[in-house]
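Reader: Could you walk me through how the labels on this structure are earned? I like to see a value set against its cut-off.

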Amino acid sequence: MSSTTLIFYVNGKKITENEPDPEMTLLSVIFSVLLHGLAVTTGEGIGSTRDRLHPVQERIAKAHGSQCGFCTPGMVMSMYALLRNTSKPSMKELEIAMQGNLCRCTGYRPIIEGYRTFTKEFGNEAVCGMVNLCLIIHSQEPIFPPELKLN
Ligand code: FES
């Protein structure tokens with residue numbers, strides 16, 4: 001592997017680019033980014049209608065939080081990132097996590113209502129009965145590539 005080889009992972013799949021164009025962005029591979037030695041996880045990487053939806057995808061759908069769908073990947077991945085960092089977030093943390101995502105269709109209420117079910121304020125009566133266990137059982141997210149782990 002030369003120093004001009006770019007290696008990264010998209011949803012657990014290794015991508016190797018030899019002598020990449022320095023102006024190339026991940027847009028040419030997925031939708032946007034320029035990186036090396038990192039793992040990228042997209043909405044498709046955590047679940048899909050083809051296999052099984054991740055709970056963050058399922059709850060935005062069940063709450064009718066997606067209309068045109070333009071904002072949905074950002075909303076889903078913001079919620080996913082929040083839950084990866086805080087298994088039981090507060091409503092305040094949820095609102096902060098959603099900042100930066102603009103939705104022109106829903107008025108945000110159904111999105112927040114769907115994701116409220118993950119918060120402390122909602123309590124332990126999660127939609128599937130056990131929020132954290134539900135996330136573990138339903139999660140199809142790829143493991144972090146061992147090649148990229150720091151010792
Ligand atoms: Fe259309 Fe959010 S569902 S922008």
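Author: Happy to; what follows takes the labels one at a time. Please keep in mind that this is a predicted model.

Reader: Thanks! To get my bearings, how many helices and strands does the chain have, and in what pattern do they follow along the sequence?

Author: The chain has 6 helices and 3 strands. Read along the sequence, the pattern is β-β-β-α-α-α-α-α-α. Of its 151 residues, 23% count as buried.

Reader: What makes D51 count as exposed?

Author: The label exposed needs 12 or fewer other C-beta atoms within 10 Å. D51 has 9 C-beta neighbours inside 10 Å, so it counts as exposed. As for its place in the chain, D51 lies in the loop between α1 (43-46) and α2 (55-62).

Reader: Why is strand β2 said to lie largely in the open?

Author: Being buried takes 20 or more other C-beta atoms within 10 Å. Among the 6 residues of β2 (residues 13-18), the number buried is 0, so the strand lies largely in the open.

Reader: How do you know that β1 and β2 pair?

Author: Two strands pair if there are at least two bridges between them. Strand β1 (residues 5-10) is joined to β2 by 6 bridges, so the cut-off is met. The two run antiparallel. One of the bridges links I7 to T16 in β2, and V10 stands opposite K13 in β2.

Reader: And what is found between β1 and β2?

Author: They form a hairpin with 2 residues between them, and N11 in the turn has a positive phi of about 55°.

Reader: Why are β2 and β3 described as standing at the edges?

Author: The 3 strands form an open sheet in the order β2-β1-β3, with mixed pairing. Both β2 and β3 (39-40) have a single partner strand, so one side of each is left without a neighbour in the sheet.

Reader: Now to helix α4. Which of its residues are buried, and how do you know that they are on the same side?

Author: In α4 (residues 91-98), the buried residues are L94, A97 and M98. They cover an arc of only 95° around the axis, which puts them on the same side of α4. There is a general reason behind such spacing: an α-helix has 3.6 residues a turn, so residues three or four places apart point the same way.

Reader: What do the buried residues of α4 pack against, and what follows the helix?

Author: They pack against α3 (72-85) and α5 (109-116). After α4 comes G100, whose phi is positive, near 95°.

Note on methods
Residues are numbered from 1 along each chain as its sequence is written. This is a predicted model: local features need pLDDT of at least 70, side-chain atom pairs count only at pLDDT 80 or more; totals for chains, interfaces and linings use all residues. Helices (H or I, at least four residues) and strands (E, at least two) are DSSP runs, numbered from the N terminus. The arc is that of the directions from the helix axis to the C-beta atoms. Two residues are in contact if their C-beta atoms, placed from the backbone, lie within 7 Å.
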